[in-house]
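Please look over the sequence and the structure shown here before reading on. The report is meant for a reader who is meeting them for the first time.

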Amino acid sequence: SGSVAADAAACATGRPPLLAATSSVASLLSLSSACTGSASGSSPAAPLWFGGLAAVSWGGRASESTGLPVVAPAGIFDCVPEDLHNDLVVRDIQHLEAEAASQERASRFGDAAEGLRRALDLRRGFLGTGHPECLRAAEAYIALCNHWGLRCLALGQHTLALALLKRAETMTETGASPGLSGRARLRATTLYYLCTYYRVRGKLSAAMQFAEKALAIERRFKDPERPSTLDLNYACLLIAVNRHDDAACCCEASVELLVKEERKLQERLFQHMLDAGEGGAEAERRLHEVACMLVAAHYNNWVALCHLGRQRAASESLRKAAALAQRRLGAVHPLTGKVEQAMDLVVPGLHVCTPSVASK
């Protein structure tokens, strides 16, 4: 359907699940189309889904599309003495990587991924698996397979999208990339993108499985007091499979963590202002992200509570989302507009959520 296509298209322009530090928060929102009707037959608006990834290419630019800073590896000629530049293996590596960059520019992502895999195997054989530039090459390869996979998903190339994401999954398995320090985080991100793939394809059971695997990894390494978009998106999936009680609990837990995070950031920002030190811009950026997440958590809680028939609590949650959006994000922010549209569904004074059509 049109809204599922829009979901897929949004994957190519937003931000990763662990909230990287560069892209505009406004661009990472896409609306879930996987919301199903409630037991009473009424269906509130679909929950908000955070999706997508930042730009990444083989050309040497830093990226955070994996939730980690990824730096493209040095060219093979920079890794070996000049007298080895004419070695046949070195020349093969240089040719494969240059050809992969060309294929990427031509949007031949499957060929580019295969070329980089072959180049990586040759790098490992020539330099050693634990060589720093081999580890950077492996990390960049995983990031690119994820990035290209979601780009293909946005273009409707579903078979190729899955094949690319599966390449990243294989590379992040235990033992596949010895010495890769960020393997667990890279794997959590890859599993999250597979969740995104299956959600867009309408395979919610598979999407749930990958989301839960990603959450299990993330919760082993993430600060338990620091919420992530993965928690918010998991609530969207819970709503989609009619686990509305669990979804409401998930949203409320996210709200609690986000409020604590907001207070810490406000204190940090105030301290930076007093000290006139560096770091204030980063605190402001994160504070804005937390505000977006908090609005989305309240909004998604409204959706879940509507499904449960708890209209009064649902309306209160939506009003919190609207007030926060107006106060912290401003009237022109896309999230504010979305919440204001939802407010039109609530009959003033009666606290009743009126039905709307939820697309599949």
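The sections below take up confidence, overall make-up, one helix, salt bridges and aromatic pairs in turn.

## Confidence in the model

The model is predicted, and its confidence varies along the chain: the mean pLDDT is lowest in strand β1 (residues 29–31), at 32, and highest in helix α5 (residues 158–171), at 97. Averaged over the protein, the pLDDT is 78, and 74% of the residues score at least 70. Over residues 59–69 the pLDDT is below 50, and this stretch has 32 contacts in the model beyond near neighbours in sequence.

Another stretch, residues 354–360, also stays under 50 in pLDDT, and for these residues the model has 17 contacts beyond four places in sequence.

## Overall make-up

The secondary structure of the protein consists of twelve helices and four strands. The protein has 360 residues, of which 52% count as buried, and it exposes about 15500 Å², with carbon and sulfur atoms supplying 53% of that area.

Contacts between distant parts of the sequence can also be counted: among the contacts with a separation of 6 or more, 67% involve residues that are 24 or more positions apart.

## Helix α4

Helix α4 (residues 132–154) has 23 residues, which at 1.5 Å a residue should span 33 Å, and its end C-alpha atoms are indeed 33 Å apart, so the expected and modelled spans agree. This helix is mostly covered, since 19 of its 23 residues are buried. After α4 comes glycine 156, whose phi is positive, near 80°.

## Salt bridges

Side chains of opposite charge can pair when their charged atoms come close. In the whole structure, a search finds 15 salt bridges. One of them joins arginine 123 to glutamate 97, with the closest N and O atoms 2.6 Å apart. This pair links distant parts of the chain, as arginine 123 belongs to helix α3 (residues 109–127) and glutamate 97 to helix α2 (residues 88–105), 26 residues apart. Both arginine 123 and glutamate 97 are buried.

Helix α3 takes part in a further link, for a salt bridge at 2.9 Å, N to O, connects the side chains of glutamate 114 and arginine 167. Because glutamate 114 lies in helix α3 and arginine 167 in helix α5, the pair ties together parts that are 53 residues apart in sequence. Glutamate 114 is partly exposed, with a relative accessible area of 28%, and arginine 167 is partly exposed as well, with a relative accessible area of 24%. In another salt bridge the side chains of glutamate 212 and arginine 243 meet at 3.9 Å, N to O. Glutamate 212 lies in helix α7 (residues 204–221) and arginine 243 in the loop between α8 (229–240) and α9 (244–275), so this pair ties together parts that are 31 residues apart in sequence. Both partners are partly exposed, glutamate 212 with a relative accessible area of 34% and arginine 243 at 33% relative accessibility. Salt bridges that share partners also join Glu114, Arg117, Asp121 and Arg167 into one network.

## A residue of helix α9

Helix α9 contains glutamate 267, which counts as exposed at 57% relative accessibility. The C-alpha atoms of glutamate 267 and alanine 283 are separated by 9.6 Å, and the two residues are 16 residues apart along the chain.

## Aromatic pairs

The count of aromatic pairs comes to six. One of these is the stacked pair of phenylalanine 109 and tryptophan 148, whose rings are 5.7 Å apart centre to centre, with 25° between the planes. Phenylalanine 109 lies in helix α3 and tryptophan 148 in helix α4, so the pair ties together parts that are 39 residues apart in sequence. Phenylalanine 109 counts as buried at 1% relative accessibility, and tryptophan 148 is likewise buried, with a relative accessible area of 1%.

The rings of tyrosine 197 and tyrosine 198 have their centres 5.0 Å apart and their planes at 85°, and because planes over 60 degrees apart count as edge-to-face, that is how this pair is classed. Tyrosine 197 and tyrosine 198 are both buried. Ring pairs also link Trp49, Tyr192 and Tyr193 into a cluster.

Definitions and conventions: Residues are numbered from 1 along each chain as its sequence is written. Side-chain values use heavy atoms; hydrogens and water are left out. pLDDT is the predictor's confidence in each residue, from 0 to 100. Helices (H or I, at least four residues) and strands (E, at least two) are DSSP runs, numbered from the N terminus. Contact means heavy atoms within 4.5 Å. A salt bridge is a side-chain nitrogen of Lys or Arg within 4 Å of a carboxyl oxygen of Asp or Glu. Buried means under 20% relative accessible area, exposed over 50%, partly exposed in between (1.4 Å probe, protein chains only). The expected span of a helix is 1.5 Å times one less than its number of residues. Accessible areas come from the Shrake-Rupley method with a 1.4 Å probe; for residues, only the protein chains shown count as cover. Rings of Phe, Tyr and Trp (its six-membered ring) pair if their centres lie within 6.5 Å; planes under 30 degrees apart count as stacked, over 60 as edge-to-face and the rest as tilted.
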